[in-house]
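Biologist: Please take a close look at one part of this model, the metal site, and set it in the context of the whole chain. Which atoms hold the metals, and where do they come from?

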Amino acid sequence: MPFPFETAPTAPAIPITFATKTTWDAIARDLPEQARRFASANDFTAKPGKCLTLPAADGQIGHVVFGLEDETAKSRDLFRPGALPGLLPPGVYRFANAPHDVRLATLAFALGSYRFGRYRKAEQPEVRLVPPEGVDVADIARMAEAAALARDLINTPSNDMGPEQLAEAAQAMASRLGASFNCITGDELLKQNFPLIHAVGMASTRAPRLIELSWGDPAHPKVTLVGKGVCFDTGGLDLKPSSGMLIMKKDMGGAANVLALAQMVMDAKLKVRLRVLIPAVENAVAGNAFRPLDIFRSRKGLNVEIGNTDAEGRLVLADALALADEEKPDLLVDLGTLTGAARVALGPDLPPFYTHDERLAESVATHAKRENDPLWRMPLWPPYDSWLDSKVADINNAPSGGFAGSITCALFLQRFVTDAKSWLHVDIYGWTPSAKPARPEGGECQAARAIYKLLSESYG
Ligand code: BES
Ligand code: MN
Ligand code: ZN
């Protein structure tokens, strides 16, 4: 069983008891005398997030108590147990009683075990958990492994995660799970009519590419995932200030999360014909960079005027979405770290999603809540569509004014999706700015778990 789960412990696992302010007194009463006095001496009152290890008679750790919000509290963080791997000494543990949601607590424990260890001997906590009875530990491990993949890809700095390395990661996944892989690179993008992907990526010494992965029975419903793979976003000639550029290694967060989602779908063998498209580029600065007010004829045939070279994500997605749309998929999903405006509207932890499909919207909201993978619907507000008008071309990529930036980005993408039966767009952040339980600081898996569960329900 994958880390951090321990299914065959050699010694009895140390029990973790979850307590709240209300239940603590009764729990304390049942503890051995010495442990109860130790907890009292430590002034432990089961405050949410507080953890105390209690000694056994032999001086070993006999017991752990961990504080949670009361059952009736207005806001409960169901991922609180995700802090435990960072708090506990090495050992094998088990849940002695049920946290608020035992499945999410187990998932949180696994998500909270993640450390990025590529450049320094991993400070991987040697804290293991005997999975509680009744939870589908294989499914939880599948989700935690996918999240670790997304986080690793995002956390890897751009010098080691360019378009080529992103393609290699996709190829490795394809061969691991029996998918077919294809990649269109450099000037070949022009020959095969992906002008926008080429335009954004051509200034980099690392050639742009369109990564493709296909899997599953062609007779099954067609689900296509598109992910923004900007391996570094300098802003291009509309250069970002250093503060805005600092974490732009994460600008391939859409691609990372699409790969995480694809891995879960394939591993769970969902009954879909899966296709993954990742336009992978570096938005760099050079003499041959695309410029403000350049105009490119896109794959879809629309002439796109460049209002801002920093609105590059929607450009590369536009060509990839146009290709995806050509085979009229049953469901087309795109994920990308597209706008700072999404973060201004909803903050880093609550990505907005967009769709015209009311049933899909309801299902996304339900699964997002159920999986604690929060997503919030925003409108494809028709009156703002005219803000994308160009005076000389069919459309401009960056409306002046800057109002409703996440919405106008979604409206831009919408122009390139005309034939898919259903379309879902998520403007993710892909990054946890400061650590929270189950969410270490750095690259983050967003939207992938919620969409995986949504797909499992329909195609499991
Ligand atoms: N990758 C950025 C969006 C981004 C910035 C996400 C910061 C998360 C944090 C994207 O390519 C971008 O630069 N968008 C511009 C669009 C604008 C020029 C219309 C933005 O949001 O400022
Ligand atoms: Mn940008
Ligand atoms: Zn970007």
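Modeller: Of the 460 residues in the protein, 55% are buried. This is a predicted model, and every value here is computed from it. The chain forms 15 helices and 19 strands. Its radius of gyration is 24 Å, close to the 23 Å expected from the globule rule for 460 residues, so the protein is as compact as a globular protein of that length. Along the principal axes, the C-alpha atoms fill a box of roughly 80 × 45 × 45 Å. Among contacts with a separation of 6 or more, 76% are between residues 24 or more positions apart. The protein exposes about 19100 Å², and carbon and sulfur atoms supply 52% of that area.

Now the metals. The manganese ion (ligand 2) and the zinc ion (ligand 3) lie 3.1 Å apart, and aspartate 233 bridges them. Glu312 (OE) is listed as a donor of the manganese ion (ligand 2), and Glu312 (OE) is also listed for the zinc ion (ligand 3).

Take the manganese ion (ligand 2) on its own. Its protein donors are Asp233 (OD), Asp310 (O), Asp310 (OD) and Glu312 (OE), at 2.0 to 2.2 Å. Asp310 therefore appears with both O and OD, given that N, O and S atoms within 2.8 Å of the metal count as donors. The spacing of the donor residues in sequence is D-x76-D-x1-E. Six donor atoms surround the manganese ion (ligand 2), and because the angles they subtend run from 73 to 170°, the arrangement is irregular. For reference, the ideal angles for six octahedral donors are 90 or 180 degrees.

The zinc ion (ligand 3) is coordinated by Lys228 (NZ), Asp233 (OD), Asp251 (OD) and Glu312 (OE), at 2.0 to 2.4 Å. Here the donor residues follow the spacing K-x4-D-x17-D-x60-E. The site of the zinc ion (ligand 3) is octahedral, with angles of 78 to 175° among its six donor atoms. Lysine 228 and aspartate 251 link distant parts of the chain, 23 residues apart. Lysine 228 sits in the loop between strand E8 (222-227) and strand E9 (229-233), while aspartate 251 sits in the loop between helix H9 (242-245) and helix H10 (253-267).

As for cover by the protein, the cut-off for buried is under 20% relative accessible area. Lysine 228 has a relative accessible area of 2%, so this residue is buried. Aspartate 251 is also at 2% and therefore buried. Glutamate 312, with a relative accessible area of 0%, is buried. Aspartate 310 is at 24% relative accessibility, so this donor residue of the manganese ion counts as partly exposed.

The cysteines can be treated briefly. A search of the whole structure finds zero disulfides. Cysteine 183 is in no disulfide, and the nearest cysteine sulfur, that of cysteine 231, is 11 Å away. Cysteine 183 is partly exposed because its relative accessible area is 25%. Cysteine 445 is in no disulfide either; for that residue the nearest cysteine sulfur, again that of cysteine 231, is 18 Å away. Cysteine 445 counts as buried, at 6% relative accessibility.

Conventions. Residues are numbered from 1 along each chain as its sequence is written. Chains are lettered from A and ligands numbered from 1 in the order in which they are written. This is a predicted model: local features need pLDDT of at least 70, side-chain atom pairs count only at pLDDT 80 or more; totals for chains, interfaces and linings use all residues. Side-chain values use heavy atoms; hydrogens and water are left out. Donors are N, O and S atoms within 2.8 Å of the metal (3.2 Å for Na, K and Ca); water is not among the atoms, so sites may look incomplete. Four donors count as tetrahedral if all angles lie between 85 and 135 degrees; four count as square planar and six as octahedral if opposite donors are over 155 degrees apart and all others between 65 and 115; anything else is irregular. Buried means under 20% relative accessible area, exposed over 50%, partly exposed in between (1.4 Å probe, protein chains only). Helices (H or I, at least four residues) and strands (E, at least two) are DSSP runs, numbered from the N terminus. The radius of gyration is taken over C-alpha atoms; the globule rule is 2.2 Å times the number of residues to the power 0.38. Contact means heavy atoms within 4.5 Å. Accessible areas come from the Shrake-Rupley method with a 1.4 Å probe; for residues, only the protein chains shown count as cover. A disulfide is a pair of cysteine sulfur atoms within 2.5 Å.
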